[in-house]
Amino acid sequence: MIQCDCLIIGSGPAGLGAAFSLLEQKPQLKIILLESLPISCGGLRNDCKMNFTFPVGFPLEYWTKQSAKPYLERIENFLNPHILQKDNLEKYTRRSEKIGVQLLNIRQSHLGTDGGIRLIKELTSKLTEMGVELSFGETLLSANEKEHRAITDKREIQYKHLIVAPGRHGFDFLRKFMEQLNIQYKDNSIDVGIRLETKKEHYPIVEDYYDPKFLFPERTRTFCTNSGSAHVVQEKYTSSKGETYYSVNGHAFSNAKEPNGLVNFAVLRSVSFTEPIASGQDYAEYLGALAMHTGGGNPIMQRIGDFRMRIRSTRESLNQDLYDFEPTLKSATPGDIALAMPSKFLDSIWRALKKLDTIIPGLLHPSTIMYYPEIKLYANKPVFKDDYFMSAEDIYLIGDGAGTSRGITGAWASGMRAADGILRKIDV
Ligand SMILES: Cc1cc2nc3c(=O)[nH]c(=O)nc-3n(C[C@H](O)[C@H](O)[C@H](O)COP(=O)(O)OP(=O)(O)OC[C@H]3O[C@@H](n4cnc5c(N)ncnc54)[C@H](O)[C@@H]3O)c2cc1C
């Protein structure tokens, strides 16, 4: 059976951060990195904007400003990103504070989807040069904790340390993996929201601040703003019951692509369930299924003008009069979001949007489109045995799938932190 010092599952930023961090300090380690897809997926491949300021991407239950700081500095040194300039921040901050909204001042970079793919290629070839065995198209199925043996769809691998970083798409896999290893986990919080798409002239702040992070009351916030050549997309998810649902998302290409004059961003509301709801994932999947039912198998889109009048959008109304730009997610069904979104989420988000329209007047133009659902499942939170995300003997669970991060830099930092835990053991 093939043997290695460290087996890493997932080639997203968490897995990559772990691999580079281990090799930086112990270049002789034998590392195998498995990825079930033919190429690395996740945020590095989609839009690839990176946030280098705490707390963006760092869940507060696992990170403090102090614990995240050295990792953020190391990531910035390693990736050497181009940090975007911000202008007129004081004006937006003043307007926000007057109405009880916080605008975070975040160090950001943006590579775009094309730039992200280039970065992935650079990083993976660097790892190969450093002696890592990269195996794309290979999936971890299970592990034997006592025997330190991993079972994939192709072979068995003897490891000394196992890092599992399967991302959001590996949510269901991780749940089963933890159940198989008797790792306790909590899965009680979710983010549900909408994605707005509008003309750049209705949200001109993006000229001054690429991805402005506004925090509103009721745990509601803006998230993942894209402009330039910006597109709304849908991601396919399969529920634990085998049903398909789509969640919308957004991305933009780098400056090399022709701008399309549009901006998109999400407004999300977080909810943590107490009894009797045990699983945020199950709840979110019901919402996803309801949205698919209402939208005839696709996400729903509604113009603000229709939403205000409490009427559904229709294919015809989408092209009339004031409604003067084409939606980029053409497969979305014009309809009525209020039929599918619980008022707990919808009311908070609408209140937040009215505040945002006060800070940046014009956002709620009748032509602005709301897409639903945008669902973030971050909630598979394992019980950890130490500060380095070890959940079972020499098994570390990290990244967005395990809830230790909510973005590229947080995921990368989670990988580095797990690597630090392993290096401490090796050094003893
Ligand atoms: C469309 C989109 C746009 C985004 N844009 C941004 C952005 O601009 N900025 C930002 O900070 N964040 C963004 N994100 C979020 C970002 O992708 C995540 O925060 C980040 O990628 C999480 O890193 P990760 O390593 O935990 O997981 P991932 O990046 O998801 O990587 C996990 C990898 O593990 C693989 N895998 C899963 N299960 C197995 C298995 N059993 N065996 C082998 N391999 C497996 C998956 O195929 C995947 O490649 C975006 C996400 C999406 C979906």
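**Close-up views of a predicted model**

**View 1. The buried and exposed sides of helix 5.** In this predicted model, Phe171, Phe173, Leu174, Phe177 and Met178 of helix 5 are buried. These five buried residues lie on the same side of helix 5, because the arc they cover around the axis is only 155 degrees. Lys176 and Glu179, by contrast, are exposed and are found on the other side of helix 5. Just after helix 5 comes Asn182, whose phi is positive, at about 55 degrees.

**View 2. The cover over helix 5.** Several elements take part in covering the buried residues of helix 5. Among them are the strands 7, 9 and 10, the last of these spanning residues 185–186. The cover also includes helix 6 (280–294), strand 19 (381–382) and strand 21 (395–397).

**View 3. The hairpin of strand 7 and strand 8.** Strand 7 comprises residues 140–144 and strand 8 comprises residues 149–152; the two run antiparallel and are joined by four bridges. Within this pairing, Thr152 of strand 8 is the residue that stands opposite Leu140. Four residues lie between the strands of this hairpin, in which His148 adopts a positive phi near 50 degrees.

**View 4. The hairpin of strand 8 and strand 9.** Strand 8 is also joined to strand 9, which covers residues 156–164, by three bridges, and this pair runs antiparallel. Ile157 in strand 9 stands opposite Ala150. The two strands make a hairpin, with three residues between strand 8 and strand 9.

**View 5. The two domains of the protein chain.** The domain assignment places residues 2–83, 112–186 and 380–427 in domain 1, and residues 189–377 in domain 2. A distance of 29 Å separates the C-alpha centres of domain 1 and domain 2.

**View 6. The side of domain 1 that touches domain 2.** Contacts between the domains involve 11 residues of domain 1 and 12 residues of domain 2. On the domain 1 side, the elements that contribute two or more residues are helix 4 (112–129) and helix 5 (171–180). Of the elements on this side, helix 4 gives the most, with four residues. By residue type, the side of domain 1 that touches domain 2 has five charged, four polar and two nonpolar residues. Helix 5 thus appears in two of the settings shown here: it carries the buried residues Phe171, Phe173, Leu174, Phe177 and Met178, and it gives two or more residues to the side of domain 1 that touches domain 2.

Conventions: Residues are numbered from 1 along each chain as its sequence is written. This is a predicted model: local features need pLDDT of at least 70, side-chain atom pairs count only at pLDDT 80 or more; totals for chains, interfaces and linings use all residues. Domain bounds come from an automatic or database domain assignment. Two residues are in contact if their C-beta atoms, placed from the backbone, lie within 7 Å. Ala, Val, Leu, Ile, Met, Phe, Trp, Tyr, Cys and Pro count as nonpolar, Asp, Glu, Lys and Arg as charged, and the others, Gly among them, as polar. Two strands pair if DSSP finds at least two bridges between them. A residue is buried if 20 or more other C-beta atoms lie within 10 Å of its own, exposed if 12 or fewer, and partly exposed in between; C-beta atoms are placed from the backbone. The arc is that of the directions from the helix axis to the C-beta atoms.
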